[in-house]
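Visitor: Please take one part of this model and examine it closely, then place it in the context of the remainder of the chain.

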Amino acid sequence: MSVPRTPLAAALEHGPLVLDGGLSNQLEAQGCDLSDELWSARLLADDPGQIEAAHTAYARAGARVLITSSYQATYEGFAHRGLGHEEATALLRRSVELARMAAERMAAERAAVEGAEAGRAEARGSAVERMAVGRAAVERAEAGQTDPGDAGHVGGGAAGSVWVAASVGPYGAMLADGSEYRGRYGLSVAELTRFHRPRIEALAAAGPDALALETVPDADEAAAMLSAVEGCGVPVWLSYSIAGETTRAGQPLRDAFALAAGVDQVIAVGVNCCAPGDADRAVEIAAGITGKPVVVYPNSGEEWDTAARSWRGRATFDPGRVRAWRDAGARLIGGCCRVGPERIAELAAVVRNH
C-alpha cells in the first residue's frame, strides 16, 4: 500500500491538518453493536468492512489524518477471546491496513475528480480554465506536492494526502472498567512499558505514518509509553485525557507535557477525549512547555452517565474554536467521542478558510 510522500512531521510545518472524529460513534451510526469489552476492536475480526467505511466517511468529510481502530486492541484483550499471538498480531496489522485502504480510496476519488475537471476545461477550450489548472499544478510543485495525493494537504482542503496514525490507547482501555479515565493503576512504569511494547512493535511494523499515544490519563503511563516506543522507527504524538489543567490522575499539565519536550520522536503533544473548554488552555500550555506542534481533539462536550449507560447534557464542540487553537500552536485538530463526520466537515472548512 502506498504512503504519502511527505512525512507527517514535515506536513505540520506548513499548517494545520484535520484529524478524524470519534470512530465508535460513526460505527454506531452505521448500525454496529459495540456493547463489548473489545469495543470497536471487535470489528477487526468480525466486520472489518465497517471500520474501513467509517474511516472513509471521515476522509470524505475532510479529515487528513485517520486514527486506526486499535485503541482497545491488545494481546491481552484478544487472548480473553481465545485468539493467539499470531492472530492478534494480524488484527493489529489489519487496523492500519483498513485506514490505509480508506486513504487510498480517497486519493483515487480525488484524482478522478481532478481529471474530470481538467477534461471539462479542455473540452470547453477555455484558455482561462486551462491556465487555472496549470497554475494549481505549479503551486503544488512549488510546495513540494508532486502527485494528486499530495495536493492541497495544508489546511484540510478538498484535495490532499491522508496520513494514518495507529492508535495506542492506555492500559485502562484494556480493562474496560473506566480506569482509562483515572490512571493510577497500581503498576510501575516498567510494568506499563512491558505491557505497551509488544503491540507498539506490531503496529509500527504495519507501517503507519505515526503512532497516536492517546487518551493517556497519567503522566507515569506517558513515561512508560515514551519508553516503549524507543527504537520502533515511527514518529509519535502524545495526547493526554485531562480535567482542567491536570491529567485525569491529577498531575499538572506543565509537568506532564514536559516529559515529551526533549524527545525528537514526538512530533506533537496535546490533549484528546476531554471537554472542549478544557482544550483551550491545554493547547497554550502544551505549546509553551514543549515548543512542539500541538494535537487537540476533544469530545463533543456531552457527558457519559455510567449508571444509565447513556450520554447526557448538550454538545459544546464548536468548530469556531479552531482559530484560537491554531493561533496558539495547534497543528493536528479534530474531534473525539460523539464528534462525527458532519462536525469534522465544518471544522475542515474553518481550517481551510482561516
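Guide: The account below begins with the whole chain, turns to helix 10 and its partner, and then visits several other sites.

This is a predicted model, in which local features need pLDDT of at least 70 and side-chain atom pairs count only at pLDDT 80 or more, while totals for chains, interfaces and linings use all residues. Residues are numbered from 1 along each chain as its sequence is written, and side-chain values use heavy atoms, with hydrogens and water left out.

The protein chain contains 14 helices and twelve strands (DSSP runs numbered from the N terminus: helices are H or I, at least four residues; strands are E, at least two). Of its 354 residues, 51% are buried (under 20% relative accessible area; exposed is over 50%, partly exposed in between, with a 1.4 Å probe and protein chains only). Among contacts in the protein chain with a separation of 6 or more, 77% join residues 24 or more positions apart (a contact means heavy atoms within 4.5 Å).

Helix 10, the part chosen here, spans residues 219-228 and is mostly covered, with seven of its ten residues buried. The buried positions in helix 10 are A219, E221, A222, A224, M225, L226 and A228. At the start of helix 10, the backbone nitrogen of D220 has a side-chain oxygen of D218 within 2.8 Å.

The partner considered here is helix 9, residues 189-205, whose axis comes within 8 Å of that of helix 10 and crosses it at roughly 45 degrees (axes are lines fitted to C-alpha atoms, for helices over the stretch in contact; angles run from 0 to 180 degrees between N-to-C directions). Helix 9 is therefore oblique to helix 10 (angles under 35 degrees count as roughly parallel, over 145 as roughly antiparallel, 65 to 115 as roughly perpendicular and the rest as oblique). The crossing of helix 9 past helix 10 is right-handed (the near helix is turned clockwise from the far one by less than a right angle; anticlockwise would be left-handed). Helix 9 contributes V189, L192, T193, H196, R197 and I200 to the contact, and helix 10 contributes D220, E221, A223, A224, M225, S227 and A228. By class, the contact of helix 9 with helix 10 comprises seven nonpolar, three polar and three charged residues (Ala, Val, Leu, Ile, Met, Phe, Trp, Tyr, Cys and Pro are nonpolar; Asp, Glu, Lys and Arg are charged; the others, Gly among them, are polar).

Beyond helix 9, A206 is found in the loop that leads to strand 4 (210-216). A206 touches R93 and V96, residues up to four places away in sequence not being counted. The C-alpha atoms of A206 and T89 are 9.6 Å apart in space, although 117 residues separate them in sequence. Another long-range pair is P4 and D209, 205 residues apart in sequence and 8.3 Å apart, C-alpha to C-alpha. P4 is in the segment before helix 1 (8-12), and it counts as buried because its relative accessibility is 15%.

A second helix pair serves for comparison. Helix 4 (residues 48-61) packs with helix 14 (residues 341-353) at an angle of about 30 degrees, the axes being 8 Å apart. Helix 4 and helix 14 are therefore roughly parallel, and their crossing is right-handed. Here A57, Y58 and A61 of helix 4 meet P341, I344, A345 and A348 of helix 14. By class, the contact of helix 4 with helix 14 has seven nonpolar residues, no polar residues and no charged residues.

Y58 also appears among the contacts of N25, which touches Y58, C336, C337, R338, V339 and G340, with residues up to four places away in sequence left out. N25 is placed in helix 2 (residues 23-29) and counts as buried because its relative accessibility is 15%. A polar atom of the N25 side chain lies 2.8 Å from the backbone nitrogen of R338.

Two residues deserve a note on backbone geometry. Most residues other than glycine have a negative phi. W39, in the loop between helix 2 and helix 3 (43-46), has a positive phi near 55 degrees. W39 counts as partly exposed because its relative accessibility is 26%. C273, in the loop between strand 8 (266-272) and helix 12 (276-290), has a positive phi near 50 degrees. C273 is buried, with a relative accessible area of 3%.

Note on methods: Polar contact = N/O pair within 3.5 Å; in protein donor to acceptor, adjacent residues only side chain to side chain.
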